[in-house]
Amino acid sequence: MWHENFDYGDQKGIVIGSGATAIALVPAMAKEAAKVTMLQRSPSYVVSRPGEDDSANWLRPFYLKNWSNFSFAGAISYFNCIS
């Protein structure tokens, strides 16, 4: 059980696992603890995402501006006619 008032400052600690909790816990502990080690069976890969999606920005001019003008019934009829 983890006690919220546990003082791990200037102590060595180990975190077993690499899930979401460990991803959030290890950097927070590393700010205060003398040493933090994360023990894991298989690696987790975490990548940072860019602030903007270049692919989405490129496709944006082709998006429908107003979905209220789109008729699913009309689209279905059109696709039934061409198939």
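**A predicted β-α-β-α-α model in questions and answers**

Student: Which residue in β2 does Lys12 stand opposite?

Tutor: In this predicted model, strand β1 covers residues 12–16 and pairs with β2 in the parallel sense over five bridges. Lys35 is found in strand β2, and among the residues that Lys35 touches, leaving aside those up to four places away in sequence, are Gln11, Lys12 and Gly13. The residue in β2 that stands opposite Lys12 is Lys35.

Student: What is the bridge partner of Gly13 in β2?

Tutor: β1 and β2 pair in the parallel sense, and Lys12 stands opposite Lys35. For Gly13, the bridge partner in β2 is Val36.

Student: What separates the C-alpha atoms of Lys35 and Gln11?

Tutor: Lys35 lies in strand β2 and is in contact with Gln11. Although Lys35 and Gln11 are 24 residues apart along the chain, their C-alpha atoms are separated by 6.7 Å.

Student: Which handedness does the β-α-β unit of β1, α1 and β2 have?

Tutor: The secondary structure of the protein comes to three helices and two strands, and read along the sequence these follow the pattern β-α-β-α-α. The unit made by β1, α1 and β2 is right-handed.

Student: Which helix gives the largest share of the largest nonpolar core?

Tutor: That core has six residues in all, namely Tyr8, Val15, Ala22, Val26, Met29 and Ala33. The largest share, three residues, comes from the helix spanning residues 20–30, which is α1.

Student: Which residues does Val26 touch, not counting those up to four places away in sequence?

Tutor: Val26 is one of the residues of the largest nonpolar core, and Val15 belongs to that core as well. With residues up to four places away in sequence not counted, Val26 touches Val15, Val36 and Met38.

Student: Is Asp10 buried or exposed?

Tutor: Asp10 has its place in the segment before β1, and its phi is near 60°, a positive value in a residue other than glycine. Because its relative accessibility is 70% and the cut-off for this class is over 50%, Asp10 counts as exposed.

Student: Is Ser42 exposed or only partly exposed?

Tutor: Ser42 sits in the loop between β2 and α2, and its C-alpha atom is separated by 9.0 Å from that of Gly17, with the two residues 25 apart along the chain. Since the relative accessible area of Ser42 is 46%, between the cut-offs of 20% and 50%, Ser42 is partly exposed.

Student: What percentage of the residues of the protein count as buried?

Tutor: The protein exposes about 7800 Å², of which carbon and sulfur atoms supply 58%. Of its 83 residues, the portion that counts as buried is 11%.

Student: Which element of the protein has the lowest mean pLDDT?

Tutor: The protein averages a pLDDT of 77, and 72% of the residues score at least 70. Strand β2, residues 35–39, has the highest mean among the elements, at 89. Where pLDDT is low, the predicted coordinates should not be read in detail. The lowest mean, 61, belongs to the helix of residues 72–82, which is α3.

Key:
Residues are numbered from 1 along each chain as its sequence is written. This is a predicted model: local features need pLDDT of at least 70, side-chain atom pairs count only at pLDDT 80 or more; totals for chains, interfaces and linings use all residues. Side-chain values use heavy atoms; hydrogens and water are left out. A nonpolar core is a set of buried Ala, Val, Leu, Ile, Met, Phe, Trp, Tyr and Cys residues joined through side-chain atoms within 4.5 Å. Buried means under 20% relative accessible area, exposed over 50%, partly exposed in between (1.4 Å probe, protein chains only). Helices (H or I, at least four residues) and strands (E, at least two) are DSSP runs, numbered from the N terminus. Contact means heavy atoms within 4.5 Å. pLDDT is the predictor's confidence in each residue, from 0 to 100. Two strands pair if DSSP finds at least two bridges between them. A crossover is right-handed if, with the strands pointing away from the viewer, the path from the first strand over the helix to the second runs clockwise. Accessible areas come from the Shrake-Rupley method with a 1.4 Å probe; for residues, only the protein chains shown count as cover.
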